[in-house]
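Let's take a walk through this structure together. Have a look at it first, and then we'll go through its loops, domains, helix contacts and empty spaces.

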There are 2 protein chains.
Amino acid sequence: MNPFVTHGGRLDEACAHFGGHPADWLDLSTGINPNPWTGAETIRPDWRALPDARALKRLEEAAAAHFETDPALCCAVPGSEAGLRALGRILGLPARPIALTYGTYAKAFASPPPDHAGPTALVVTNPNNPDGRLSPREDLMSALARQQHGGGWLVADEAFADCHPDASVADLVANDRNLAVTRSFGKFFGLAGVRLGFVLAPEPLLADLRKLQGDWPVCSAALAFGNAAYTDRDWIAATLASLPERGAKLDAVLARHGLRATGACPLFRLATAPDAADLFATLARAHILTRPFAGYPHLLRFGLPADDALLARLDAALALWSARG
Amino acid sequence: MNPFVTHGGRLDEACAHFGGHPADWLDLSTGINPNPWTGAETIRPDWRALPDARALKRLEEAAAAHFETDPALCCAVPGSEAGLRALGRILGLPARPIALTYGTYAKAFASPPPDHAGPTALVVTNPNNPDGRLSPREDLMSALARQQHGGGWLVADEAFADCHPDASVADLVANDRNLAVTRSFGKFFGLAGVRLGFVLAPEPLLADLRKLQGDWPVCSAALAFGNAAYTDRDWIAATLASLPERGAKLDAVLARHGLRATGACPLFRLATAPDAADLFATLARAHILTRPFAGYPHLLRFGLPADDALLARLDAALALWSARG
């Protein structure tokens, strides 16, 4: 299962290993909302012109309002992963490794040498990926105070935080705090192919980021979709209400087959199974792609099926596996 | 005319200053092909999934074939400007300023201190923007030898080089040469909103670039359009034939009004006028946007009108100006 432990969404490789065409597969390997914001179907971006500078500014303002952040402290990036990589380069601080979390940190931040005593970047994913653990805002505020005291930084990766506004520290970003927050458009709005995210950080850091990125950090579709989606209050409210309901339904199906799901994030659920590799392969033969993790042979992450019919398909495939147990 | 000397394509600001709606304007302020590759009108990118890793690899192979470069030395970037910025950060070398060229260099590379004796990055735009001057390949090879001898790098910005394959040094990029080349998708193919470009460079430098960019450097539209466009031999051949013809027609119109165009690049022509600011304003009042340059009050750059009717519109507006002279 080697290619599948790096990132989700490797449907092309899944087809190469287990057959079928991408359209036949039920892809539960990512935490991307399977019911995307619908405006992308009708908006036709203007691909001919350079992305518009004013539209970029409006997008950063609309996103900042959604995050409850000062718009002067909000910079669009081509995906939150790209934002984390840029932060790693700009801050230039080592980050202490965290046992089980999103693999990008290890690529964006160097590990400190064993005798390192200087400042570090503390990278906290909230909610954490893949286990969905939600850190209370108070814990992050304490961690920020400790980091700042030692001349270090707190980097809060809030790529999955849209469903948990109360846990976000986006509103705490300020010019006098060593706090940077990354946010994602593609996950909550279900449009990961657009490559749009945001870095919220003090202005001098953002000035360096803008210098690194240049004048057109995101494509015209990101501007067109992002501007409309972040101001679509009805869709946002309906999605905030429906995602937890769908997450609870997934939990019930998993539990029926002896799989206990952990975490607070409705976009993905982490299940424990004695032999997750066997479960992964059984589901893959039924053309359902889930997400295993290197070094964690008992864990398997499930993304949210888009509707009840797809949830029933997962239920049926899990029945084949649990009947054997 | 302050907002117009930084970049072309500021139609929104042109409307704010001179009235009209963007659709009313004839935008000649950029060097973007006004007759874009047509496939973008029918291809619908998959925005929901993450951009596909195999499609990215295929794109880099297709583009490398177009550039006549080893595909292992070709890395997609979200626009050639972003590629230049990343190169500046990764190489970390100062670049000696060049009198009149694309403004990004000053932002991507620091100027050397007055007493600097160490290695530098020599950034050469070929053909140069805005004057269209084409450096012979032999000159670039000599410059590369000098730079490499001193431990420095040659960076060839070939964003406008598609019409001049004989002048390109893309085929010289190799693991043992301190040569990096940037290429642009949006200019020749006329789709600047997609944000797609390429950095051609030795593998260790590309490894650092990929680490900085992360696993999804460009959006799904860039993968879909780029893969189809770089393998569309008929469109590429027809465009290579038609662009010089259109450039010659533009030269003839400019000459009729006493404006001599310089340079070899058919996507833009640089004209000399005693008072280019007056010419810029006259054309802007006719809702034709051209490109002035800070510190060069006698220069005005004209992009290529898309067809004979738009060329006639420019002709008529220039007649108002030259009749006054």
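Helices and strands here are DSSP runs, numbered from the N terminus, with at least four residues for a helix and at least two for a strand. With that in hand, Pro127(A) is easy to place: look in the loop between β3 (121-125) and α5 (137-149) of chain A. Keep in mind that this is a predicted model.

**Some unusual backbone spots**

What kind of peptide bond joins Asn126(A) and Pro127(A)? That bond is cis, and its omega is about -5°. Stay in that loop for a moment, since Pro130(A) also sits between β3 and α5 of chain A. The peptide bond that runs from Asn129(A) to Pro130(A) is cis too, with omega near 20°.

Another spot to check is His287(A), in the loop between α9 (276-285) and β9 (288-289) of chain A. His287(A) isn't a glycine, yet its phi is positive, near 60°.

**How chain A is split up**

Chain A comes in two parts: domain 1 (2-36 + 234-324) and domain 2 (38-231). Taken over C-alpha atoms, their centres are 26 Å apart. Where they touch, 23 residues of domain 1 of chain A are in contact with 29 residues of domain 2 of chain A. Together the two domains bury about 1900 Å², and carbon and sulfur atoms give 71% of that area. On the domain 1 side, Pro36(A), Ile236(A) and Phe268(A) lose the most area to domain 2, together 25% of what that side buries.

**Helices meeting across the chains**

Now turn to a place where chain A meets chain B. Helix α6 (residues 203-213) of chain A packs with helix α3 (residues 80-91) of chain B at an angle of about 115°, and the axes are 7 Å apart. From α6(A), the residues taking part include Asp208(A), Arg210(A) and Lys211(A), while those from α3(B) include Glu81(B), Arg85(B) and Arg89(B). Sorted by class, this contact has six charged, three nonpolar and one polar residues.

**Open and closed spaces**

How many cavities of 30 Å³ or more does the structure hold? There are four. Here are the volumes of two of them, along with that of the largest pocket:

| Space | Volume |
|---|---|
| Largest pocket | about 900 Å³ |
| Largest cavity | about 250 Å³ |
| Second largest cavity | about 60 Å³ |

The largest pocket is lined by 33 residues, and nearest its centre are Asp46(A), Arg48(A), Ala49(A), Leu11(B) and Asp27(B). Which element gives the largest share of this lining? That is α7(A), with four residues. By class, the pocket lining has 18 nonpolar, eight polar and seven charged residues.

The largest cavity is lined by 18 residues, and Pro78(A), Gln213(A), Pro78(B), Leu212(B) and Gln213(B) are closest to its centre. Helices α3 and α6 of chain A and α3 and α6 of chain B each supply at least two residues of that lining. No charged residue is found there: the lining has 14 nonpolar and four polar residues.

The second largest cavity also draws on both chains, with Pro78(A), Val194(A), Pro78(B) and Val194(B) among its lining residues. Its lining divides into ten nonpolar, no polar and two charged residues. The charged ones are Arg195(A) and Arg195(B).

Methods: Residues are numbered from 1 along each chain as its sequence is written. Chains are lettered from A and ligands numbered from 1 in the order in which they are written. This is a predicted model: local features need pLDDT of at least 70, side-chain atom pairs count only at pLDDT 80 or more; totals for chains, interfaces and linings use all residues. Side-chain values use heavy atoms; hydrogens and water are left out. On a 1 Å grid over the protein atoms alone, a cavity is a set of points where a 1.4 Å probe fits but cannot get out, and a pocket is an open set with protein on both sides within 12 Å along at least five of seven lines; lining residues have an atom within 4 Å of a point. Grid points are joined across faces, edges and corners, and a volume is the space filled by probe spheres set on the points. Axes are lines fitted to C-alpha atoms, for helices over the stretch in contact, and angles run from 0 to 180 degrees between N-to-C directions. Contact means heavy atoms within 4.5 Å. Domain bounds come from an automatic or database domain assignment. Buried area is the accessible area (1.4 Å probe) that two parts lose on being put together, summed over both.
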